[in-house]
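Reader: I'm new to this structure and don't want the whole tour. Pick one part of it and take me through that closely, please.

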Amino acid sequence: MKYLVLERRLKRLREVLEKRQKDLIVFADNVKNEHNFSAIVRTCDAVGVLYLYYFHEEGKNAKINEGITQGAHKWLFIERVEDKLSKLKELKEKGFQIIATWISKDSVDFRSVDYTKPTVIVVGNELQGVSPEVAEFADKRIVIPMFGMVQSLNVSVATGVILYEAQRQRFEKGMYDKPSLSKEEIEKILEKWAYEDIIRERKRTQVKA
Ligand SMILES: C[S@@+](CC[C@H](N)C(=O)[O-])C[C@H]1O[C@@H](n2cnc3c(N)ncnc32)[C@H](O)[C@@H]1O
């Protein structure tokens, strides 16, 4: 397959894809703030998350703040889900453990989870948190211990803390040393990314008549 992007750009895209963890998914349950959502996107890219699903109670598409994502949103699949329980059920049936953040003394420490298993991490709304039905459906409810005066972290910060624990575990297990995507999957995504990249580049350099 011949690509129109520069060889070194292609190499970079391939390297990133080879580190993507297709079985580490983030699910944002009604995260509404554009800045928070965009910061989550950026962390997902850094850790190697490929799929970010989200539910919005008003059915709105997430707004991306490019100043915050710094382009990270171009390198993941971000998909809005209409029926969150059906989506989570589908993922559970595919073998994913569903891990919901839940600020309660009955939740387990987020570090006690084995994130090297196929995992969906669910983070919640800025005010209400994860919805009770999702927490109920989850295999585990996790909390990041808090020792200060304030009860919770900002959602994007909490997502980062959990994702970096997942990254640490996966890194130690050598899961970034070999691709989780198949060769065919890598080629398919590469083709899409390279095409979109060139279209964006053309738009950027187009001279207005
Ligand atoms: C500001 S918090 C929501 C607070 C809400 N009152 C609650 O009890 O969940 C927004 C989201 O950030 C994440 N979060 C914040 N602090 C957390 C913590 N200490 N442990 C786990 N998740 C946390 C969760 O995903 C939560 O749904």
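Author: Two strands pair if DSSP finds at least two bridges between them. Strands (E, at least two residues) and helices (H or I, at least four) are DSSP runs, numbered from the N terminus. One heads-up: this is a predicted model, where local features need pLDDT of at least 70 and side-chain atom pairs count only at pLDDT 80 or more, while totals for chains, interfaces and linings use all residues. Residue numbers start from 1 along each chain as its sequence is written.

Let's zoom in on strand E1, residues 24-29. To find E1, start from the sheet: it is an open one of seven strands with parallel pairing, in the order E3-E2-E1-E6-E4-E7-E5. At its edges stand strand E3 (77-80) and strand E5 (108-109), each with a single partner strand, so one side of each has no neighbour in the sheet. E1, in contrast, sits between E2 and E6 in that order.

How well covered is E1? Six of its six residues are buried, where buried takes 20 or more other C-beta atoms within 10 Å of a residue's own, exposed means 12 or fewer, and partly exposed is in between, with C-beta atoms placed from the backbone. And this goes for both faces: Leu 24, Val 26 and Ala 28 on one side are buried, and Ile 25, Phe 27 and Asp 29 on the other are buried too.

Now for the neighbours of E1. On one side comes E6 (residues 119-124), which runs parallel to E1 and is joined to it by six bridges. Follow Phe 27 across and you land on its bridge partner, Val 122 of E6. A little further along E1, Asp 29 stands opposite Gly 124 in E6. The other neighbour is E2 (residues 51-55), paired with E1 in the parallel sense over four bridges. Asp 29 turns up here as well, standing opposite Phe 55 in E2. To get from E1 to E2, the chain passes through helix H2, residues 34-47.

Just past E1, take a look at Asn 30. You'll find Asn 30 in the loop between E1 and H2. Phi of Asn 30 is near 70 degrees, which is a positive value in a residue other than glycine. Asn 30 counts as buried, because it has 20 C-beta neighbours inside 10 Å. It's fun to set Gln 70 beside it: phi of Gln 70 is near 55 degrees, again positive in a residue other than glycine. Gln 70 also lies in a loop, the one between helix H3 (66-69) and E3. Gln 70 has 12 C-beta neighbours inside 10 Å, though, so it counts as exposed.

Back to E6, the partner of E1. All six of the six residues of E6 are buried, so the rest of the structure largely encloses E6. From E6, Thr 119, Ile 121 and Val 123 point one way, Val 120, Val 122 and Gly 124 point the other way, and all are buried. That puts both Val 122, which you met opposite Phe 27, and Gly 124, which you met opposite Asp 29, in one group. E6 also pairs with strand E4 (residues 97-101), in the parallel sense and over four bridges. There, Ile 98 stands opposite Val 120 of E6.

E6 takes you to the ligand, too. The ligand is surrounded by 14 residues, and the closest are Thr 101, Val 123, Gly 124, Gly 129 and Ala 158; a residue belongs here if its C-beta atom, placed from the backbone, lies within 6 Å of the ligand. At least two residues of this shell come from E6, and at least two from helix H6 (155-172). So which residue links our strand's partner to the ligand and faces Asp 29? Gly 124 is among the closest to the ligand and stands opposite Asp 29 of E1.

To finish, step back to the full protein. The protein has seven helices and seven strands. From the N terminus on, its elements run α-β-α-β-α-β-α-β-β-β-α-β-α-α. Its C-alpha trace spans about 60 × 40 × 35 Å along the principal axes. Of its 209 residues, 33% count as buried, and E1 gives six of six.

Notes:
Right-handed = clockwise from strand over helix to strand, strands pointing away.
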